[in-house]
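Work through these exercises with the structure open. Each task comes with a stepwise solution.

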Amino acid sequence: MAAKGVDRDTLLDVADFLHREALALDERRYRDWLGYLTDDISYVVPLRVTREGLAEWEVSPTARIFDDDKQTLTLRVARLETDFAWAEQPPSRTRHYVTNVVADPGERDDELLVSSNCLVYRSRGDSIEPNLYSVARRDTLRRAADGWLLARRYAVLDQAVINAHNLSIFL
């Protein structure tokens, strides 16, 4: 299959958008991060499963770690701003390393389909054991008046077993 691709300037804009989004998360500017999302955002993290040999799928077609919209993401952010987010006391320190960004035209004229890989480094408190999450992301970005917004994120973790007590961060 021949690559469709987008022009170099658009690809640079898309990569810049993803890097700024990651920076907002790493700096715990969650309200700013919500501003990177469309009102009809779909944020899905399916469950990875381990199956025999040539199984049809390795990602559950129905089970989800997260299946959020703008309302539930806003509630998650609001909870992180309270003293009741026990999973984030002390807060996680994260670094999102976004690589392998590829953008293709979407189904709509104002959308792009974006694939990227993301490695998330997470440390908490004084623990000497960091968590690493390797994630394949498939995003839909929608053009807005002042740039891009994230309309859909489908983020698949490479590991079937999460090496942490919780997954309370955004991928």
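## Exercise 1: a salt bridge between a strand and a helix

The side chains of Asp 39 and Lys 70 form a salt bridge, at 3.5 Å from N to O. The model is predicted. Task: which elements does the pair tie together?

Solution.
1. Asp 39 sits in strand S1 (residues 37-48) and Lys 70 in helix H3 (residues 70-80), so the bridge ties together parts that are 31 residues apart in sequence.
2. Asp 39 has a relative accessible area of 69%, so Asp 39 is exposed.
3. Lys 70 has a relative accessible area of 18%, so Lys 70 is buried. The cut-off for buried is under 20%.

## Exercise 2: a network

Task: which residues do salt bridges with shared partners join into one network?

Solution.
1. The network consists of Asp 40, Arg 108, Asp 110, Glu 111 and Arg 142.
2. Place Arg 108 in the loop between S3 and strand S4 (111-124).
3. Arg 108 is partly exposed, at 41% relative accessible area.
4. The side chains of Arg 108 and Asp 110 also share a polar contact of 2.9 Å.
5. Arg 108 and Arg 142 are 34 residues apart along the chain, with 8.8 Å between their C-alpha atoms.

## Exercise 3: a buried pair

Task: are Glu 21 and Arg 153 buried or exposed?

Solution.
1. Glu 21 and Arg 153 form a salt bridge, with their closest N and O atoms 2.7 Å apart.
2. Glu 21 belongs to helix H1 (residues 8-26) and Arg 153 to strand S6 (residues 147-157), so this bridge ties together parts 132 residues apart in sequence.
3. Both Glu 21 and Arg 153 are buried.

Methods. Residues numbered from 1 in each chain as written. Predicted model: local features only at pLDDT ≥ 70, side-chain atom pairs only at ≥ 80, totals over all residues. Heavy atoms only, no water. Helix = DSSP H or I, 4+ residues; strand = E, 2+ residues; numbered from the N terminus. Buried < 20%, exposed > 50% of the residue type's maximum accessible area, 1.4 Å probe, protein only. Polar contact = N/O pair within 3.5 Å; in protein donor to acceptor, adjacent residues only side chain to side chain. Salt bridge = Lys/Arg side-chain N within 4 Å of Asp/Glu carboxyl O.
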